[in-house]
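Student: Could we go through the sheet first and then the nonpolar packing, with the criteria stated as we go?

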Amino acid sequence: MLTNAPRGTKDILPEQAESWLWLENKIRELCTLYGYEEIRTPTFEHTELFLRGIGEGTDVVDKEMYTFKDRGDRSITLRPENTASVVRAYLQNKLYANAGLVKLFYIGSMFRYDRPQAGRLREFHQFGVEALGEKNPVVDAEIILLAWEFLKSLGLDDLTLKINTVGCPACRPIYRRKLTEYFTAEADELCSDCRRRLEKNPLRILDCKVDGLKEVMEDAPKIETCLCDECREHFKDVKKYLTAAGVPFEVNNRLVRGLDYYTKTAFEIQYAPLGAQSAVAGGGRYDGLIKEIGGDDTPAVGFAAGLERILLALELQQALPASNKKIAAFVVSGGSVAEVCAFKLLTDLRRQGIAAAMDFGKKSMKAQMKAAAKSGAKFALIIGEDEVATSTVTVKNLETAAQDKVPVAEVPLKFSDSQKIF
């Protein structure tokens with residue numbers, strides 16, 4: 001139906017938009033504190049960027065991308081995630097030329113053809129950060145710390161940080177062979193998706209969400225037995241820095257994340273009350289992605305957080321801030337001449353940063369006063385024939401019912417700085 005939004009999408013209505021704006025302001029404040037600058041990339045990219053960046057064999061590429069041909073017969077994909085786009089922008093705009101470490105953040109819509117459910121839509125919004133150009137594990141720790149501090153600053157409790165290492169091109173092939181051998185022997189126990197993954201990318205099997213396979217997954221080989229010295233030391237240092245920062249964490253050997261570009265550090269922050277969709281933020285290191293897309297061999301690390309899930313978590317915990325959409329003044333007028341004066345006063349108040357409203361329906365003054373009381377305004381500013389003749393305004397305090405007449409020029413003095421928007 002034309003009156004329904006497409007399945008998996010959702011309108012953000014005015015009463016909800018205030019919470020979104022509050023959340024986005026929190027993001028920008030924290031990223032400024034950590035020295036990350038905002039980047040905005042296109043909503044769609046050449047499909048090849050995601051095929052090479054995310055990796056074939058992942059659910060995102062094989063099942064979930066919105067891909068189409070444009071009028072120039074080019075294959076275009078709505079971005080299913082934003083790391084590949086940020087890396088493309090980093091290379092195209094030579095951001096690497098000005099500094100060794102480039103620190104970026106983004107807020108925007110992503111698109112995946114998935115089964116819609118609470119906290120998972122086909123158009124969803126992510127906040128993410130990317131640190132490009134430094135291999136020091138302290139950067140991994142800063143990224144994880146930023147994600148943790150962000151969620152804690154919102155007032156969320158019951159958060160759990162899970163970390164792992166997924167190795168590197170030197171040691172991961174050894175782990176892949178061990179997983180292939182193990183899961184081949186258990187192939188009859190695997191779901192159809194995991195049997196397909198067995199041929200393309202056995203690490204993805206560890207990310208399987210089918211409950212009946214829990215025992216099979218628990219007995220699978222652990223990557224820690226295959227790590228090279230560099231990966232082992234890197235992971236040891238990440239844990240050391242997190243401990244120094246006072247961030248509690250759990251090591252989860254099955255945590256691999258859902259995208260192929262991760263190397264070494266992988267992490268996820270979960271909010272248990274959300275149930276099956278408990279992951280509210282996650283990411284890790286992706287040292288090979290920039291080279292895969294066409295740049296030099298460059299280390300990088302980042303994370304993304306789902307804003308819908310975070311808002312859902314805040315709602316569950318009743319931690320969303322109270323609305324502050326409150327006008328300070330409601331202008332009431334009687335007669336056509338008074339209405340012009342009222343509109344001028346309305347305009348003057350707004351120009352001075354005072355939120356004000358008036359009724360445009362040419363209602364009676366009695367009806368306008370009811371509207372003023374319903375609006376939540378502190379003052380009703382009344383202009384009738386007497387006020388027009390004397391260039392005054394009757395200022396009525398709607399909380400105390402006290403009122404007096406003041407010259408028009410003095411009306412803004414009735415409002416404190418706290419009642420002004422700017």
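Tutor: This is a predicted model, in which local features need pLDDT of at least 70 and side-chain atom pairs count only at pLDDT 80 or more, while totals for chains, interfaces and linings use all residues. Residues are numbered from 1 along each chain as its sequence is written, and side-chain values use heavy atoms, with hydrogens and water left out.

Student: In what order do the 3 strands of the open sheet lie?

Tutor: Strands are DSSP runs of E of at least two residues, helices runs of H or I of at least four, both numbered from the N terminus, and two strands pair if DSSP finds at least two bridges between them. The pairing is antiparallel, and the order is β2-β4-β3.

Student: Why is one side of β2 and of β3 left without a neighbour in the sheet?

Tutor: β2 (44-46) and β3 (66-69) each have a single partner strand, so one side of each lacks a neighbour, because both stand at the edges.

Student: Which residue of β4 is the bridge partner of phenylalanine 68?

Tutor: β3 and β4 (residues 75-78) pair in the antiparallel sense over 4 bridges. In β4, the partner of phenylalanine 68 is isoleucine 76.

Student: Which helix contributes the largest share of the largest nonpolar core?

Tutor: Such a core is a set of buried (under 20% relative accessible area, 1.4 Å probe, protein chains only) Ala, Val, Leu, Ile, Met, Phe, Trp, Tyr and Cys residues joined through side-chain atoms within 4.5 Å. Of its 52 residues, Val87, Leu132 and Phe183 touch the most other members. The largest share, 6 residues, comes from helix α4 (residues 83-92).

Key: Buried means under 20% relative accessible area, exposed over 50%, partly exposed in between (1.4 Å probe, protein chains only).
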